[in-house]
Amino acid sequence: MMEKLEETLAEIQQELWDISKKMYDNPELGDEEFESMKLLTNLLKAHHFQVETNIVDRPTAFQAEYDSGKPGPVIAYLAEYDALPEIGHGCGHNLIGTMSTGAGIALSKIVDQTGGKIIVFGTPAEETNGAKVPMSKEGIFDEIDVAMLLHPEGVSRESGASLANDALQFKYIGKAAHAAASPEEGINALDSIIQLFNGINALREHLPSEVRIHGIISNGGEAANIVPDLAVAQFYIRAESRNILDETKDKVIQIAEGAALMTGAALEISAYEIGYNNMITNQPLSDIFTKNLKMITNETVYPAQLLKGSMDMGDVSRVVPAIHPSIGIGDPSLVLHTKAFASQTVSATGKRALLDGALALACTGYDVLSDPALLEKIRAEFEDKKS
């Protein structure tokens, strides 16, 4: 059956590559990926997928479905296509979107024989307000049997874990005054921010090693001779699990409240981006994908490791068996979120990874469609990890 999947991908490889290159040349930020969405959905429509856009009230989100009309598993491929400010596709989402689309199209050519359904989901804004979170909460994935996404990286790697993440904003409101003539009349909001940073830095000694807290001062005052009456800081707080994240977040909030008491400023706390849960890899699904990727590339697939970043695929993994492995694009020294990484996605090795990755995803989907025992193992492990 791999030959049939390879044949289909060979037929559409130029279209996939052209789309990936157009995304690279025209990078679009999260929730603004209108052209990228159009490129992917037009190709899916041309291969008889039924496409619905603007799902979960996100204009650039879509669901593209190919239904065999016969009973069978539902295989989902998740496409990302948002870029980074100033850098472009330094996280390789131009490849992620096209690999998932290619895999979905290839598998659709044989699902009429096996039974089942293929769905490609367009999931905008992974870098900021990831659409997979509301999709998970609103039941979009409830009928799915397995969900897969393949990420480009310097080397190929098994699906592993990621950090849960919340994005908190701390806004302190003070009272303006002349900083030299009448400072006693003022309440310095910036002092609150400084105490917040100092308190968090003191907290770090007493946190688990994998916790990450990093932030910026987005508003620190207007002029040195005016007591700042408004100051704002934004932080990402990350941890290995949602429980540890929530415990850490409570401690940070207490520090923030203490800083307000110390200065007399008022405090407003809000989330400035959607929070992400940690990734929970489904091991049976991961094992069969790894086997396929090794066979296709004839290259090393390194063991899973904890991804020190965060991703909205973690929320998907809470509601459906899911994997988020990586495929190498030819340079182990590459660092994500850089212009060098973006350039590598449109190299010859980037093109090879697109086709190999799409084939590995499609083969794994076929394995699930055709092997009831495998699907039962996947479901059993998912239920066990949920309990």
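The expected span of a helix is 1.5 Å times one less than its number of residues. Helices (H or I, at least four residues) and strands (E, at least two) are DSSP runs, numbered from the N terminus.

The views show a predicted model, in which local features need pLDDT of at least 70, side-chain atom pairs count only at pLDDT 80 or more, and totals for chains, interfaces and linings use all residues. Residues are numbered from 1 along each chain as its sequence is written, and side-chain values use heavy atoms, without hydrogens and water.

**View A. Helix α3 is largely enclosed by the rest of the structure.**
How many residues of α3 are buried (under 20% relative accessible area, with a 1.4 Å probe and protein chains only)? The count is 16 of 16, so the surrounding structure largely encloses this helix. Check the length of α3 too. Its 16 residues should span 22 Å at 1.5 Å a residue, and the end C-alpha atoms are indeed 22 Å apart.

**View B. Helix α1 is kinked.**
Helix α1 covers residues 2-25, which makes 24 residues. From first C-alpha to last it reaches 32 Å, close to the expected 34 Å. Where is the kink in α1 centred? Look at isoleucine 12, where the kink is about 55°. This bend is the angle between axes fitted to the seven residues ending there and the seven starting there. Isoleucine 12 is also one of the buried residues of α1. Others among them are Leu5, Leu9, Leu16 and Trp17. An α-helix has 3.6 residues a turn, so residues three or four places apart point the same way. The buried residues of α1 pack against α2, α3 and α11 (contact means heavy atoms within 4.5 Å).

**View C. Six strands form an open, mixed sheet.**
The strand order is β1-β2-β4-β3-β5-β11. At the edges are β1 and β11, and each pairs on one side only. Two strands count as paired if DSSP finds at least two bridges between them. Strand β3 (residues 74-79) and strand β4 (residues 117-122) pair in the parallel sense, over six bridges. Across from isoleucine 75 stands isoleucine 118 of β4. Two helices lie across strands of this sheet. Helix α2 crosses β1, β2, β3 and β4 and runs at about 10° to β2. Helix α11 crosses β3, β4 and β5 and runs at about 160° to β3. These angles run from 0 to 180 degrees between N-to-C directions; the axes are lines fitted to C-alpha atoms, for helices over the stretch in contact.

**View D. Four strands form an open, antiparallel sheet.**
Here the order is β8-β9-β7-β10. The edge strands, each paired on one side only, are β8 (212-219) and β10 (266-276). From one strand to the next, the twist averages 20°. Strand β7 (residues 164-173) joins strand β9 (residues 230-239) over ten antiparallel bridges. Which residue of β9 is the bridge partner of alanine 167? The partner is tyrosine 236. Helix α6 (residues 189-203) packs on this sheet, where it touches β7, β8 and β9. The direction of α6 makes about 20° with that of β9. Helix α7 lies across β7, β8, β9 and β10, at about 10° to β7.

**View E. Threonine 248 sits in helix α7.**
Is threonine 248 buried or exposed? It counts as buried because its relative accessible area is 3%. Beyond neighbours within four places in sequence, threonine 248 is in contact with Leu207, Val211, Ile213 and Ile237.

**View F. Cysteine 91 lies in the loop between β3 and α3.**
Cysteine 91 counts as buried because its relative accessibility is 8%. Not counting residues up to four places away in sequence, cysteine 91 touches several others, including Leu84, Glu127, His151 and Phe341. Arginine 58 is 33 residues away in sequence and 21 Å away in space, C-alpha to C-alpha. Cysteine 363, at 6%, is buried as well. The model has zero disulfides (pairs of cysteine sulfur atoms within 2.5 Å).

**View G. Two loop residues have positive phi.**
Histidine 48 is in the loop between α2 and β1. Its phi is near 70°, a positive value in a residue other than glycine. At 57% relative accessible area, histidine 48 is exposed (over 50%). Asparagine 54 is in the loop between β1 and β2. Its phi is about 60°, again positive without being a glycine. At 40%, asparagine 54 is partly exposed, in between the buried and exposed cut-offs.
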